[in-house]
Amino acid sequence: MKAKSAFFDFTSVAMLVTLCAGTLYATPSRPQNSTPRQAVNRRLDAFKADKAKGVHATYQWELSGPNGGEWWLSVNDGTYTTGRGKINNPNVTLAASDEDWVAMSNKTLKFPWAYLTGRLKIQGSLSLAKKLDEIFP
């Protein structure tokens, strides 16, 4: 039974890496953002309503560090709302340092690598966390 459990743990990690695909680091194709707020605003500007059709999810960001803070996002069938602070019962909570979040948003630190190395903590639905990258590329 222990071998089977280890197999499933390895399979789960392999699936996450495959789902999030890509190299560990990449050259960003968009301007660099220097604060989490700028990074959030840049991603919101890239909203793809067609990819958000049928999605009903809430997200919470908890960022540590001098430029950290809490932000939330609610996606509701092709639309979204966002704000600063906490939202009740989020489907996904993402926690990272402010510097790591900016690096992930600038595509200089890949989400799978940050997650696998513990620099990004995800609580809740991994499939909804992955959906964020489709909705806000």
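**Salt bridges and helix packing in the predicted model**

Glu 70 is partly exposed, with a relative accessible area of 29%, in a model that is predicted. This residue lies in strand E2, whereas Lys 86 is found in the loop between strand E3 (79-84) and E4. The side chains of Glu 70 and Lys 86 form a salt bridge, with an N to O distance of 3.4 Å, and the pair therefore ties together parts of the chain that are 16 residues apart in sequence. Lys 86, for its part, has a relative accessibility of 55% and counts as exposed. The pairing also belongs to a network of salt bridges in which Glu 62, Glu 70 and Lys 86 are linked. In total, six salt bridges are present in the structure.

These interactions are set in a chain of 137 residues, 35% of which count as buried. The chain contains six helices and five strands, and from the N terminus on its elements follow the order α-α-α-β-β-β-β-α-α-β-α. Among contacts between residues at least 6 apart in sequence, 67% join residues that are at least 24 apart. The accessible surface of the chain amounts to about 8000 Å², and carbon and sulfur atoms account for 57% of this area.

Helix H6, which spans residues 126-135, has Ala 129, Leu 132 and Ile 135 as its buried residues. When the helix is seen down its axis, these buried residues fall within an arc of 115°, so they line one face of H6. The elements against which the buried residues of H6 pack comprise both helices and strands: helix H2 (36-45) and helix H3 (49-52), together with strand E1 (56-64), strand E2 (69-76), strand E4 (92-97) and strand E5 (121-124). Strand E2, one of these packing partners, is also the strand that holds Glu 70 of the salt bridge to Lys 86.

Helix H6 also carries salt bridges of its own, and Glu 134 takes part in two pairings described here, one with Lys 130 and one with Lys 131. In the pairing with Lys 130, the side chains meet at 3.3 Å, N to O, and the two residues, being four residues apart in helix H6, are separated by about one helical turn. In the pairing with Lys 131, the closest N and O atoms are 3.0 Å apart, and both residues again lie in helix H6, here three residues apart, or about one turn of the helix. Each of the three residues is classed as partly exposed, with a relative accessible area of 32% for Glu 134, 26% for Lys 130 and 22% for Lys 131.

A further buried position is found in helix H4 (residues 98-105), where Ala 103 is located. The relative accessible area of Ala 103 is 17%, and since residues under 20% are classed as buried, Ala 103 is assigned to that class. When residues up to four places away in sequence are not counted, Ala 103 touches Thr 108 and Leu 109. With respect to Ala 39, which is 64 residues apart from Ala 103 along the chain, the separation between the C-alpha atoms is 9.0 Å.

Note on methods. Residues are numbered from 1 along each chain as its sequence is written. This is a predicted model: local features need pLDDT of at least 70, side-chain atom pairs count only at pLDDT 80 or more; totals for chains, interfaces and linings use all residues. Side-chain values use heavy atoms; hydrogens and water are left out. Buried means under 20% relative accessible area, exposed over 50%, partly exposed in between (1.4 Å probe, protein chains only). The arc is that of the directions from the helix axis to the C-beta atoms. Contact means heavy atoms within 4.5 Å. Accessible areas come from the Shrake-Rupley method with a 1.4 Å probe; for residues, only the protein chains shown count as cover.
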